[in-house]
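Q: Could you take a close look at how one pair of helices packs together in this model, and at the residues around that contact? I would enjoy a connected walk through it.

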Amino acid sequence: GLAVAAFADPATLGKLRFGCDLPAPVVPGWKAFETGLVLAALPQLPLTVLNSVVALCKACTDLFPDVPVTSRRVACSLGVTNLAFCWFGAMPGCYGVGGLV
């Protein structure tokens, strides 16, 4: 990306600053919350439930039969993670079974 920016506009290199930026909490307004709910959260829900909860629990049970895994624990963990990170501007996400298998 740096090479493309330098090629597209060489003056860009002079504007760059290097350092570390910490995330700042983001408190969305009602309109942003409504838009995010309708356009991001609700469409993600079926995929999240099937791939990140149901399939993950099934794969865990198949691969690790001695380790108790419940869909309630997985769903609660996922929900807490999404609620915690949304205040830092993160998009809703799911663990997904692909990382396990």
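A: Happy to; here is a walk from the helix pair to its contact, its core and some residues for contrast. Please keep in mind throughout that this is a predicted model.

Let us start with the geometry. The pair is H3, a helix running over residues 30–63, and H4, which covers residues 71–86. Their axes lie 9 Å apart, and the packing angle is about 135°. Roughly antiparallel would need an angle over 145 degrees, so H3 and H4 are described as oblique to each other. As for handedness, the H3–H4 crossing is right-handed.

Which residues of H3 and H4 make the contact? From H3 come Thr48, Ser52, Val53, Leu56 and Cys57, and from H4 come Ser71, Val74, Ala75 and Leu78. Sorted by class, six residues of this contact are nonpolar and three are polar, while no charged residues take part.

Two of the H3 residues in that list deserve a closer look, and Ser52 is a good place to begin. Ser52 sits in helix H3, and its relative accessibility is 0%, so Ser52 counts as buried. Setting aside neighbours within four places in sequence, Ser52 is in contact with Val74 and Leu78, and also with Leu47, Cys94, Tyr95 and Gly96. Thr48 is likewise part of helix H3. With a relative accessibility of 10%, Thr48 falls under the 20% limit and therefore counts as buried. Its contacts, again without neighbours up to four places away, are Val53, Leu78 and Cys94.

Now over to the H4 side, with Val74. Beyond its neighbours within four places in sequence, Val74 is in contact with Ser52, Val53, Leu56 and Cys57, as well as with Val69 and Tyr95.

This brings us to the nonpolar core. The largest one has eight residues, namely Val53, Leu56, Cys57, Ala59, Cys60, Val74, Leu78 and Val97. At least two residues of this core come from each of H3 and H4. H3 gives the most, with five residues.

Is every part of H3 hidden in the same way? Leu50 offers a useful contrast: Leu50 also lies in helix H3, but its relative accessibility of 57% is over the 50% limit, so Leu50 counts as exposed. Between the C-alpha atoms of Leu50 and the core residue Val97 there are 9.5 Å in space and 47 residues along the chain.

Finally, a look at the start of the chain. Leu2 belongs to helix H1, which spans residues 2–8, and with a relative accessible area of 48% Leu2 is partly exposed. Leaving out residues up to four places away in sequence, Leu2 touches Leu13 and Leu16. The C-alpha atoms of Leu2 and Gly79 are 36 Å from each other, with a separation of 77 residues along the chain. Ala11 is placed in the loop between H1 and helix H2 (12–15), and its relative accessible area of 46% makes Ala11 partly exposed. From the C-alpha atom of Ala11 to that of Lys58 the distance is 54 Å, for residues 47 apart along the chain.

To gather the picture: H3 and H4 are oblique to each other, their contact includes Ser52 and Val74, and the largest nonpolar core takes residues from H3 and from H4.

Methods. Residues numbered from 1 in each chain as written. Predicted model: local features only at pLDDT ≥ 70, side-chain atom pairs only at ≥ 80, totals over all residues. Heavy atoms only, no water. Axes fitted to C-alpha atoms, helices over the stretch in contact; angles between N-to-C directions. Helix = DSSP H or I, 4+ residues; strand = E, 2+ residues; numbered from the N terminus. Parallel < 35°, antiparallel > 145°, perpendicular 65-115°, else oblique. Left-handed = near helix turned anticlockwise from the far one by under 90°. Contact = heavy atoms within 4.5 Å. Nonpolar A, V, L, I, M, F, W, Y, C, P; charged D, E, K, R; others polar. Buried < 20%, exposed > 50% of the residue type's maximum accessible area, 1.4 Å probe, protein only. Core = buried A, V, L, I, M, F, W, Y, C linked by side-chain atoms within 4.5 Å.
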